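Reader: Please take a close look at one part of this model, the pairing of its aromatic rings, and set out the geometry with the cut-offs behind each term.

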Amino acid sequence: MRHAQSLGNVNHHAYQHIPDHRLTLTPTGIQQAQIASHKLIQILNAPLNSSKSVLNGTVLFFTSPYLRTRQTLRELIHGMNLSESQYQIREDCRLREQDFGQLQEPDSMEFVKQQRLKVGRFWFRPTSGEAGADVYDRVSMFLDSFFRELDSFRHVVGSPGSFTYENVVIVTHGLTMRLFCMRYFRWTVEEFEEVWNPENTEMWVLEKMENDGRYKLIYPKKIWIGKDRDVNMPMNMRTPRSVSGELSQNYIQKLSLNDLDDVETNPLIRDADQELY
């Protein structure tokens with residue numbers, strides 16, 4: 001889940017005075033998180049065919065250490081009316097927002113946005129900040145330890161004093177959500193760039209596939225991708241590719257055509273090529 005609306009979402013000038021990790025939720029954001037708590041109960045109860053307004057089961061929460069994600073988590077837990085025996089919380093710094101560098105100057109955020117559009121969200125690295133590729137690396141490390149956690153969980157079920165959970169909820173940031181899915185489903189960089197950021201409190205639900213052990217992205221039914229945000233995410237992006245990647249020949253053929261076009265039309269590339277000889 002992405003955090004609820006924060007001050008930075010409605011006022012980009014806030015970054016000039018408040019560190020990113022200290023940006024708080026707005027009153028609207030608090031309401032969004034409270035509404036999301038009821039929706040989350042419905043989603044977690046769905047596999048049990050239960051329509052109750054209370055959670056049937058337990059949940060392990062992971063959260064980014066940023067204030068807005070922790071405030072969102074607080075409203076979720078209060079709204080779900082969970083008892084202490086129904087949940088545990090883990091804070092993980094690897095789930096934090098992308099570091100955008102120094103944004104104290106009035107034009108800094110706008111400059112970062114323009115350059116990010118030009119270079120690409122995955123590759124652009126702000127001065128003193130992180131590229132999307134850097135966030136991808138730490139999300140990969142989180143996933144590795146997360147699945148080790150799931151493996152170890154199988155050996156402690158029923159042990160005295162152990163906390164057993166049926167659900168995992170991660171409260172984080174929009175880019176981190178997309179990169180989490182990119183890493184797990186093995187999206188290409190081009191596929192990642194096609195996926196739009198989720199809205200505040202939007203939930204992306206992964207469910208274990210029967211007789212497989214892997215997870216597929218089942219909710220929401222429509223996740224818009226593409227330049228014009230008019231294409232629903234295809235099924236091959238909602239289920240994990242094999243280790244080999246399962247990329248078709250079109251991937252290479254399309255790449256070759258694009259490279260040829262660039263060489264023929266871009267004078268900078270032609271000039272650089274001539275300087276090699």
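Author: What follows goes through the ring pairs and the burial of their residues.

The model is a predicted one, in which local features need pLDDT of at least 70, side-chain atom pairs count only at pLDDT 80 or more, and totals for chains, interfaces and linings use all residues. Residues are numbered from 1 along each chain as its sequence is written, and side-chain values use heavy atoms, with hydrogens and water left out.

The structure contains 12 aromatic pairs (rings of Phe, Tyr and Trp, the last by its six-membered ring, with centres within 6.5 Å; planes under 30 degrees apart are stacked, over 60 edge-to-face, the rest tilted). In one of them, the ring centres of Phe62 and Phe146 are 5.7 Å apart and the planes stand at 80 degrees, so this pair is edge-to-face. Phe62 belongs to strand 1 (residues 59-63) and Phe146 to helix 5 (residues 132-156), so that the pair links distant parts of the chain, 84 residues apart (helices, H or I of at least four residues, and strands, E of at least two, are DSSP runs numbered from the N terminus). Phe62, at 5% relative accessibility, counts as buried (under 20% relative accessible area with a 1.4 Å probe, protein chains only; over 50% is exposed, in between partly exposed), and Phe146 is buried with a relative accessible area of 9%.

The rings of Phe122 and Trp123 also form an edge-to-face pair, because their planes lie at 90 degrees, with the centres 4.8 Å apart; of these two residues, Phe122 counts as buried at 6% relative accessibility. Returning to Phe62 and Phe146, ring pairs link both of them with Phe142, Phe147, Tyr184, Phe185, Trp187 and Tyr215 into a cluster.
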